[in-house]
Amino acid sequence: LEAVNMVSKHFETYKNVEKIEILTNEVAIIKKQLKRQVYEEFDQLDETKISNNRILTQQLSEVCFVIDALGYTTKREFIDWFCEKRVRHYRYTFNDQDESSQLKFIERRYMWAQRELRQFEQYYNSIFPNTWRVSEYVMVEFANATVESITSILDSGNHNVAELLHGIKKTVEFEKYLYNYFSSKPVLLVIEEDEEQNQILEE
C-alpha cells in the first residue's frame, strides 16, 4: 500500500490523463474500503477475546500497519475516533445529572481513568505501536471531557469551600499519578512531528 501511495503521488500531475485518472480513482476507492474495514474491526471488537489470544492480537496489530500505510491524516482520525469511543461511556456515566459527577465525588472520575489505563494495558498495549501514544491521547480526551463537565458544574454555583478544596486536592493527586505513569513510558515525539510536517508538505 505504501508503494501504491508513492506511485500515486508521482502521477498526481498527470491526473488529467484518462487512464491515470481511472487508476487514481480506483486507488481512492480501495483506501476508502480499507478505512471502513479498519473501523469495523475495532468497533465490533469484543475486548474479552483479546486477552491470551495471540492470533487476534497479531491480526489487530497488522491492521495498525494498514492504518499507518494509509497516511498520517488517516492515523490521526482513527486515534481521535478510538479515544472518543473509549471516553464515551465516561461522559454518559458522569453526566451533570448523575450524583457521581458532583465535586465531592471527583475521585470517582480519576478512578475511572486509572481503570481505563489498566484496561488499555491489558488489551491494547500489544496492538497499538508505542509511537502512536494512544493511551496518552485517551487521557487527553478524558481530561477535555472532565474540564467540560466540571466547568458546567462550577457554573451552576452552590459549592462550599470544602468541596472545592477536595476537588483541587484530588485533581493534583491524579496529575501526579499521570506524570509518574507516563514519565516511565518514553515516547518519540519527533516521529509524530515529522509525520505531521510531511503531511503538510504533501498537501
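Which residue with a positive phi follows α6? In this predicted model, helix α6 is followed by Gly-157, whose phi is positive, near 80°. The helix itself comprises 22 residues, from 134 to 155. At 1.5 Å a residue, α6 should span 32 Å, and the distance of 32 Å between its end C-alpha atoms agrees with that expectation.

The loop between α5 (106–123) and α6 contains Trp-132. The relative accessible area of Trp-132 is 1%, so this residue is classed as buried, the cut-off being under 20%. Beyond residues up to four places away in sequence, Trp-132 touches Cys-64, Ile-67, Asp-68, Lys-75, Phe-78, Ile-79 and Tyr-137. With one of these residues, Asp-68, the contact includes a polar component: the side chains of Trp-132 and Asp-68 are joined by a polar contact of 3.3 Å. Cys-64, also among the residues touched by Trp-132, is separated from Trp-132 by 68 residues in sequence, while their C-alpha atoms lie 9.8 Å apart in space.

A further buried position is provided by Thr-57, which has a relative accessible area of 13%. Thr-57 is part of helix α3, which covers residues 54–69. When residues up to four places away in sequence are set aside, the contacts of Thr-57 are with Ile-50, Ser-126 and Ile-127.

Definitions and conventions:
Residues are numbered from 1 along each chain as its sequence is written. This is a predicted model: local features need pLDDT of at least 70, side-chain atom pairs count only at pLDDT 80 or more; totals for chains, interfaces and linings use all residues. Side-chain values use heavy atoms; hydrogens and water are left out. Helices (H or I, at least four residues) and strands (E, at least two) are DSSP runs, numbered from the N terminus. The expected span of a helix is 1.5 Å times one less than its number of residues. Buried means under 20% relative accessible area, exposed over 50%, partly exposed in between (1.4 Å probe, protein chains only). Contact means heavy atoms within 4.5 Å. A polar contact is a pair of N or O atoms within 3.5 Å; within protein, one must be able to donate a hydrogen and the other to accept it, and residues adjacent in sequence count only if both atoms are side-chain atoms.
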